[in-house]
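Trainee: I am new to this structure and would like a close look at a single part. Please take me through the part that the database record names as a domain, and the helices and contacts in it.

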Amino acid sequence: MGKATEGHIDIGIDEKDRAAIAEGLSRLLADTYTLYLTTHNFHWNVTGPMFNTLHDMFMVQYTELWNSVDLIAERIRSLGHKAPGSYAQFSELASIDDAPADPPKALDMVAILVTGHEAVARTARSIFPLADKASDEPTADLLTQRLTVHEKTAWMLRSLLQN
């Protein structure tokens, strides 16, 4: 058995693959955090006849997103890379827009969140080939879990927009 040295990672995934996966996960983290913040903003600012329903639903959604950012960041760290953690980094890495400065009407909030969840799902899906190539099952498992949440949430939100 080899002696573990500081900074050396030998988990069966080479550095190039770990770096590529960590970069993809950093984009996923930025998208997730941005969507979390938008959802929390909408929870605070929703108005109208659907207030109670949306206020409560947004709370469930932002809580789930909040809990997931730690899982994503810890996977990045497990791969030997630093997780982004500033608004500037998230702004640079995210594929989704920040929440609008003026809170939109309730159903417009729902539509924005549908777009956000679909975008996060696309980001998660884009990392799969990297994880598969490197036989990185923990990352693939995390991505599967995230896709399940984002696709289901987008479907539920889309359902609110149908007549």
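**The annotated span and its helices**

Mentor: Between the end C-alpha atoms of residues 23-163 the distance is 40 Å, and this span is 79% helix and 0% strand. The model is a predicted one. The span comes from UniProt, where an unreviewed entry lists residues 23-163 as "domain: Ferritin/DPS". UniProt annotations may be inferred rather than shown by experiment.

The setting comes next. The protein has five helices and zero strands, so its elements, read from the N terminus on, run α-α-α-α-α. Along the principal axes, its C-alpha atoms fill a box of roughly 65 × 30 × 20 Å. The protein has 163 residues, and 44% of them count as buried. Among contacts between residues at least 6 apart in sequence, 81% join residues at least 24 apart.

Helix H1 is a good place to start. Helix H1 covers residues 15-45 and helix H4 covers residues 106-133, while the UniProt span begins at residue 23. Two packed helices are described by the angle between their axes and the distance between the axes. For H1 and H4, the angle is about 165° and the axes are 9 Å apart. That makes H1 roughly antiparallel to H4, since an angle over 145 degrees counts as such. H1 passes H4 in a left-handed crossing.

H1 also packs with helix H5, which covers residues 137-161. Here the axes come within 13 Å and cross at roughly 25°. That makes H1 roughly parallel to H5, because angles under 35 degrees count as roughly parallel. The crossing of H1 and H5 is left-handed too. On the H1 side, the residues that meet H5 are Ile21, Leu25, Leu28 and Leu35. On the H5 side, they are Thr139, Leu142, Leu143, Arg146 and His150.

Salt bridges are the next item. The count for the model comes to seven, and three of them are described here.

One joins the side chains of Lys133 and Asp17, with N and O 2.8 Å apart. Lys133 lies in H4 and Asp17 in H1, so this pair ties together parts that are 116 residues apart in sequence. The two partners differ in how open they are: Lys133 counts as exposed, at 61% relative accessibility, whereas Asp17 counts as buried, at 13%. The cut-offs behind these words are under 20% for buried and over 50% for exposed.

Another salt bridge stays inside H1. The side chains of Arg27 and Glu23 meet at 3.1 Å, N to O. Both residues lie in H1, four residues apart, which is about one turn of the helix. Arg27 has 24% relative accessibility and counts as partly exposed. Glu23 is also partly exposed, at 38%.

A further salt bridge links H4 and H5. Its partners are Arg125 and Glu151, and their closest N and O atoms are 2.7 Å apart. Arg125 lies in H4 and Glu151 in H5, so the pair ties together parts that are 26 residues apart in sequence. Arg125 is partly exposed, with a relative accessible area of 43%. Glu151 counts as partly exposed as well, at 37%.

That leaves the loops. Ser135 sits in the loop between H4 and H5. Although Ser135 is not a glycine, its phi is positive, at about 50°. Ser135 is partly exposed, with a relative accessible area of 47%.

Ala101 lies in another loop, the one between helix H3 (87-93) and H4. At 80% relative accessible area, Ala101 is exposed. Ala101 can be set against Ile21, one of the H1 residues that meet H5. Ala101 and Ile21 are 80 residues apart in sequence, and their C-alpha atoms are 33 Å apart in space.

To put the part together: H1 runs roughly antiparallel to H4 and roughly parallel to H5. The salt bridge of Lys133 and Asp17 joins H4 to H1, and the salt bridge of Arg125 and Glu151 joins H4 to H5. Ser135 has its place in the loop between H4 and H5.

Methods:
Residues are numbered from 1 along each chain as its sequence is written. This is a predicted model: local features need pLDDT of at least 70, side-chain atom pairs count only at pLDDT 80 or more; totals for chains, interfaces and linings use all residues. Side-chain values use heavy atoms; hydrogens and water are left out. A salt bridge is a side-chain nitrogen of Lys or Arg within 4 Å of a carboxyl oxygen of Asp or Glu. Helices (H or I, at least four residues) and strands (E, at least two) are DSSP runs, numbered from the N terminus. Buried means under 20% relative accessible area, exposed over 50%, partly exposed in between (1.4 Å probe, protein chains only). Axes are lines fitted to C-alpha atoms, for helices over the stretch in contact, and angles run from 0 to 180 degrees between N-to-C directions. Angles under 35 degrees count as roughly parallel, over 145 as roughly antiparallel, 65 to 115 as roughly perpendicular and the rest as oblique. A crossing is left-handed if the near helix is turned anticlockwise from the far one by less than a right angle, and right-handed if clockwise. Contact means heavy atoms within 4.5 Å.
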